[in-house]
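Here is a short tour for a reader who has not met this structure before. Keep the sequence and the 3D view open while reading.

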Amino acid sequence: MSKKNLLLLFMAIAALTLLPGCQKIAANSVPKASKICPGKNPKFSIDFFKTNNQGQKNSKGINHVIIFNPKSPELDFKVNLGLSHKLYAKDTQGKLRKEYVPKQFRELIVGDNAKLNGQLPIAAINADYIDTADKPQGLNISRGVEYSGEFKNKRSSFGISGGSPTQRQATIQAGRRNSNVLNYNLVGGNGRFYRQGKFKDICQDLGEFACKSATNRSMAAITNQGYVILLVNDAKANSDIELSQNNQELLPDTFDNVLQGIAKNNCLGKIQEGILFDGGMSPGLYYNQKIYVENYGPIGSVFLIYKK
């Protein structure tokens with residue numbers, strides 16, 4: 001064999017010997033995708049998961065949770081109610097029509113009244129209480145149009161303001177807000193258990209039945225960093241649940257445990273405000289084409305989230 005051929009053979013063998021090592025180095029040099037904690041991710045918009053009663057993610061958790069960033073440009077919001085006509089419709093004299101009919105959670109997240117810019121919501125939660133005439137009891141405003149009941153100035157409400165995405169903010173307080181931009185998408189509730197970062201056990205306020213008997217819960221909370229937590233806790237959920245001492249329906253003195261756990265584990269800050277929505281036969285939660293919790297009582301209003 002000539003010296004030239006011998007040299008080529010040596011080079012080929014050397015290349016084959018080095019190739020696996022080079023491939024390993026190249027593979028190790030590719031940056032691995034790391035999951036950023038939602039509250040530390042500037043592009044975070046919305047997520048769904050289940051947790052136990054300490055706010056730890058659990059595939060068989062009883063707490064069905066949606067967290068979202070109101071300022072995300074990917075999201076938009078709307079409120080829907082049980083109406084016998086089109087949302088925002090007016091009569092022949094130009095007055096807003098408010099003809100209420102009983103509607104269940106499932107009915108309020110589909111159909112034309114649930115659409116925004118032709119799209120159905122990606123997420124929804126039940127909200128306001130309803131009176132005997134099927135009218136919502138609290139303050140409900142959908143895209144600036146008000147549909148409210150007799151307790152609109154007495155009970156607190158949850159909502160997301162209007163304005164550009166970067167200006168949006170979540171609020172929980174009683175009555176209309178001082179700034180009109182805040183009175184854009186609001187839903188009534190009752191039972192405010194966090195105020196300005198201070199937790200209160202509202203068992204006595206709720207009464208014996210709502211505190212210890214009707215223990216399936218629906219709630220909203222806002223953190224000091226502006227993130228929102230929506231939570232529905234219901235043993236009758238349409239998902240796999242494994243009940244245990246740390247994974248069961250919530251009593252009012254444990255609301256802060258699960259919410260603070262969710263906030264901490266997802267880097268959302270600390271809970272500042274918290275409010276209950278209608279419980280008993282009303283809790284409902286929908287995310288990404290699946291209803292995770294649904295009861296069969298009529299709903300006063302629903303809060304809807306859209307993905308652009």
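The model is predicted.

## Strand β4 and its partners

Start at strand β4, residues 123-126. Is this strand covered on its faces, or open? Both faces are covered. A123 and I125 lie on one side, A124 and N126 on the other, and all four are buried.

β4 has strand β15 (residues 285-287) as a partner. The two run antiparallel and are joined by three bridges. Which residue of β15 is the bridge partner of A123? That residue is Y287.

β4 also pairs with strand β17, residues 301-307. Here, too, the sense is antiparallel, and the pairing extends over four bridges. I125 of β4 has F303 in β17 as its bridge partner.

F303 turns up again among the aromatic residues. Together with F68, F77, F158 and F277, F303 forms one aromatic cluster.

## The seven-stranded sheet

Next comes an open sheet of seven strands. Their order is β1-β2-β13-β12-β14-β10-β11, with antiparallel pairing. The edges belong to β1 and β11 (198-199). Each of these has a single partner strand, so one side of each lacks a neighbour in the sheet.

Helix α5 packs on this sheet. α5 touches β1, β2, β10 (192-195), β11, β12 (217-223), β13 (228-233) and β14. The direction of α5 makes about 135 degrees with that of β13.

At one edge, β1 is joined to strand β2 (residues 63-68) by six bridges. These two strands run antiparallel. T51 has N63 in β2 as its bridge partner.

The loop between β1 and β2 holds N58. Is N58 buried or partly exposed? N58 is partly exposed because its relative accessible area is 29%, and the buried class needs under 20%. Leaving aside residues up to four places away in sequence, N58 touches K50, T51 and N52. N58 and E242 are 184 residues apart in sequence, yet their C-alpha atoms are 9.7 Å apart in space.

## Two disulfides

How many disulfides does the chain have? The count is two. Counting bonded cysteines along the chain, the pattern is 1-4, 2-3. The table sets out both links.

| Disulfide | Sulfur to sulfur | Angle about the S-S bond | Handedness |
|---|---|---|---|
| C37 and C267 | 2.1 Å | 105 degrees | right-handed |
| C203 and C211 | 1.8 Å | -90 degrees | left-handed |

The link of C37 and C267 is right-handed, with 105 degrees about the S-S bond. This pair links distant parts of the chain, 230 residues apart. C37 is in the loop between α1 (3-29) and β1 (46-51). C267 is in the loop between α5 (255-265) and β14 (271-276).

Burial can be read from the accessible area. C267 has a relative accessible area of 22%, so C267 counts as partly exposed. C211, in the other disulfide, has 1% and is therefore buried. The line between the two classes is drawn at 20%.

## Aromatic pairs

The structure holds eleven aromatic pairs. One of them joins F44 and Y227. The centres of these rings are 6.4 Å apart, with 55 degrees between the planes. That makes the pair tilted. F44 and Y227 come from distant parts of the chain, 183 residues apart. F44 is in the loop between α1 and β1, and Y227 is in the loop between β12 and β13. Both residues are buried.

F193 and F255 form an aromatic pair that is edge-to-face. Their centres lie 4.9 Å apart, and the planes make 65 degrees. This pair, too, links distant parts of the chain: F193 is in strand β10, F255 is in helix α5, and 62 residues separate them. F193 and F255 are both buried.

## Charges over rings

Two contacts of another kind complete the tour. The charged end of K57 sits over the ring of F49, at 4.6 Å from the ring centre. R155 lies over the face of Y129, 5.6 Å from the centre of that ring.

Terms used: Residues are numbered from 1 along each chain as its sequence is written. This is a predicted model: local features need pLDDT of at least 70, side-chain atom pairs count only at pLDDT 80 or more; totals for chains, interfaces and linings use all residues. Side-chain values use heavy atoms; hydrogens and water are left out. A disulfide is a pair of cysteine sulfur atoms within 2.5 Å. Buried means under 20% relative accessible area, exposed over 50%, partly exposed in between (1.4 Å probe, protein chains only). Two strands pair if DSSP finds at least two bridges between them. Contact means heavy atoms within 4.5 Å. Axes are lines fitted to C-alpha atoms, for helices over the stretch in contact, and angles run from 0 to 180 degrees between N-to-C directions. Rings of Phe, Tyr and Trp (its six-membered ring) pair if their centres lie within 6.5 Å; planes under 30 degrees apart count as stacked, over 60 as edge-to-face and the rest as tilted. A charge sits over a ring if NZ of Lys or CZ of Arg is within 6 Å of the ring centre and within 35 degrees of the ring normal.
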